[in-house]
Amino acid sequence: MSKSTRRLKIAFVSVAVALAGLAAAGPAAAAAPAKPAAAAPAQQSAVPVDFVDLPTTALGADGERHEVTVTYRNDSSADRTVAPQLLVESPDAGPFLTPSDVLVEQRTAHGCWRPVETASQTGTLFTDLTTAQRTLHAGETLTQVYRITVVDPDARGTVQPRIALY
């Protein structure tokens, strides 16, 4: 037997033994309960656990820009993930609002305005929570300013600012 053939056989046997070991350990490893990491950070909830409703205002259908300020102070002793949100609610008797009825903008840290998309569900327009999430440290205050312009002069409703708590 040549040297290269012998090396090839040894390599093949080594691979076969390794695969047999993995096959035998596979079911045993799968049956073992998973152990949580001791120092793993707490998982953040993807769904809000509560909401803090702030005072409502009437939706001004005069074509003017109206500012709405959302303020929340983290009074707890721990960091807290929060997300400001605006709800623009249609009157109970209708007609239901659509995203094209209202222009919502958000003031950036540099003082500029950027558009904020709204979604709609059963006559209520709302801003996205996932993109608005941020962590407030203990004692820190969040202040977010929005600007709402009613595009459709027949639109009626109520503006309900709130804070989602995670």
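Me: Leaving aside neighbours within four places in sequence, which residues is Val104 in contact with?
Reply: Happy to start there, and keep in mind that this model is predicted. Contact here means heavy atoms within 4.5 Å. With neighbours within four places in sequence set aside, the list for Val104 is Leu86, Arg114, Pro115, Val116, Thr118, Thr127, Tyr146, Arg147 and Ile148.

Me: Which residues touch the most other members of the largest nonpolar core?
Reply: In soluble globular proteins, nonpolar side chains tend to be buried together. The largest nonpolar core here has 22 residues. Those that touch the most other members are Leu59, Val82, Leu86, Val104, Ile148 and Ile163.

Me: And which element gives the most to this core?
Reply: The elements that give two or more residues are β3, β4 (80-89), β5 (102-107), β10 and β11 (158-165). With 4 residues, the one that gives the most is β10.

Me: Why is one side of β3 and of β6 left without a neighbour in the sheet?
Reply: Let's walk along the open sheet, whose 4 strands have the order β3-β10-β5-β6 with antiparallel pairing. β3 (65-73) and β6 (113-116) stand at the edges, so one side of each has no neighbour in the sheet. The reason is that each has a single partner strand.

Me: Which residue in β10 stands opposite His66?
Reply: β3 and β10 (residues 141-150) run antiparallel and are joined by 9 bridges. Opposite His66, in β10, stands Ile148.

Me: Is Thr149 buried or exposed?
Reply: Thr149 is found in strand β10. Beyond its neighbours within four places in sequence, Thr149 is in contact with Gly63, Glu64, Arg65, Asp101, Val102 and Leu103. Buried means under 20% relative accessible area. Thr149 has 12% relative accessibility, so it counts as buried.

Me: How far apart in the chain are Arg107 and Glu67, which form a salt bridge?
Reply: Side chains of opposite charge can pair when their charged atoms come close. The closest N and O atoms of Arg107 and Glu67 are 3.1 Å apart. Arg107 lies in strand β5 and Glu67 in strand β3, and their distance along the chain is 40 residues.

Me: Are Glu105 and Arg147 buried or exposed?
Reply: These two form a salt bridge, with their closest N and O atoms 2.9 Å apart. The pair links strand β5, home of Glu105, to strand β10, home of Arg147, 42 residues apart. Both residues are buried.

Me: Does Asp75 count as buried or exposed?
Reply: Asp75 forms a salt bridge with Arg73, the closest N and O atoms being 3.2 Å apart. Arg73 counts as partly exposed at 43% relative accessibility. For Asp75 the value is 64%, and the cut-off for exposed is over 50%, so Asp75 counts as exposed.

Methods:
Residues numbered from 1 in each chain as written. Predicted model: local features only at pLDDT ≥ 70, side-chain atom pairs only at ≥ 80, totals over all residues. Heavy atoms only, no water. Pairing = 2+ DSSP bridges. Core = buried A, V, L, I, M, F, W, Y, C linked by side-chain atoms within 4.5 Å. Buried < 20%, exposed > 50% of the residue type's maximum accessible area, 1.4 Å probe, protein only. Salt bridge = Lys/Arg side-chain N within 4 Å of Asp/Glu carboxyl O.
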